[in-house]
Amino acid sequence: MAIKIKSAEQIDGIRKSSQLAAKTLKYLEQFVVPGNTTQYLHERALEFINDHGAKSATLGYKGFTGAICTSPNDVVCHGVPGKYELKEGDILNIDVTTILNKYFGDTCKMYPVGEISEEAKSLLEHTKKCLSIGMKQCFPGNRFGNIGFHIKEYAQEKGLGVVYEFCGHGVGLRFHEQPEVPHTADKNTGKRMRPGMTFTIEPMINLGKARCKIDPSDGWTARTIDSQLSAQYEHTILITETGHEALTDLYGEF
Ligand code: MF3
Ligand code: CO
Ligand code: CO
């Protein structure tokens, strides 16, 4: 399957959905405090997304029960909102994918819960840096493999594990489109980026080993095999004639 080139009208729709996804992450900040459950965050997210005339792409997706993914501490991704109660010192990832007027926008970020350890702080900084390093490789003619090549180079130098069991992906007209965007790859491999392509970069970086295991009790929650911390940041990226636009970077943090 070829990588879709989006029309100007489609790009406009994907941009609007992406901006709503970013606003949802911002809105949820106030609720990421000790004592709140991940179920409560799910409820606040669902209300916010629906109030803006949109739907959550994750709710009901292959049986997933959350309007968002909530992934604390050693959870790498796809944490299912539930009874887990946030506590001081936790790190939490929230991943939101919106469907607005048929178009998909996908983004995630990390939230510190109160004061967090120096080790956790540096993991968050390095993971954010991995996403920005990936974004620098986004321009017409460049190959997708160079995203993962540079992320891997940086993370390995810091002694961190780059998760290879989950990838970024084309997004926009559907939740998951071509291509797969690996976060560890060989230099100058993969297809070439072209203006009008929209896809995510979403590196998951572990303090310890890169490997994950899926919790058999829900079939979704991916945890690090060594129970060490994991972090993730994600943006939806558009390739433009001259470079890229990070459609979910509404607050210009990257
Ligand atoms: N938003 C996630 C991603 O970045 C996918 C979540 S799928 C779910 O690709 F089913 F776990 F919600
Ligand atoms: Co994604
Ligand atoms: Co996502």
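**Close-up views of strands, a hairpin and a ligand**

**View 1. Strands E7 and E8 pair around His169 and Glu180.** The bridge partner of His169 in strand E8 is Glu180; strands are DSSP runs of E of at least two residues, numbered from the N terminus. The structure is a predicted model, in which local features need pLDDT of at least 70 and side-chain atom pairs count only at pLDDT 80 or more, while totals for chains, interfaces and linings use all residues. Residues are numbered from 1 along each chain as its sequence is written, chains are lettered from A and ligands numbered from 1 in the order in which they are written, and side-chain values use heavy atoms, with hydrogens and water left out. Strand E7 covers residues 168–170 and strand E8 covers residues 177–181, and the two run antiparallel, joined by 3 bridges (strands pair if DSSP finds at least two bridges between them). Between the strands of this hairpin there are 6 residues, and in the hairpin Gly172 takes a positive phi near 140°.

**View 2. A cis peptide bond leads into Pro179.** The bond from Gln178 to Pro179 is cis, with an omega near -5°, and Pro179 itself lies in strand E8.

**View 3. Strands E6, E10 and E13 form an open sheet.** The 3 strands of this sheet follow the order E6-E10-E13, and their pairing is antiparallel. Strand E6 (161–162) and strand E13 (230–232) are the edge strands, each of which pairs on one side only. Strand E10, made of residues 204–206, runs antiparallel to E6 and is joined to it by 2 bridges; in one of the pairings, Gly161 has Asn206 of E10 as its bridge partner.

**View 4. Asn101 sits in a loop between two strands.** The loop that holds Asn101 lies between strand E4 (91–100) and strand E5 (103–112). Although Asn101 is not a glycine, it has a positive phi of about 50°.

**View 5. Ligand 1 is surrounded by 14 residues.** Among these residues, each with a heavy atom within 4 Å of the ligand, the ones that come nearest are Thr58, Asp95, His169, Glu202 and Glu234.

**View 6. Polar side-chain atoms of Asp95, Thr97 and His169 approach ligand 1.** For nitrogen atoms of ligand 1, the distance to a polar side-chain atom is 3.1 Å in the case of Asp95 and 3.2 Å in the case of Thr97. A polar side-chain atom of His169 lies 3.0 Å from an oxygen atom of ligand 1; a polar contact is a pair of N or O atoms within 3.5 Å. Taken alone, ligand 1 exposes 340 Å², of which the protein buries 97% (Shrake-Rupley method, 1.4 Å probe).

Note on methods: A polar contact is a pair of N or O atoms within 3.5 Å; within protein, one must be able to donate a hydrogen and the other to accept it, and residues adjacent in sequence count only if both atoms are side-chain atoms. Helices (H or I, at least four residues) and strands (E, at least two) are DSSP runs, numbered from the N terminus.
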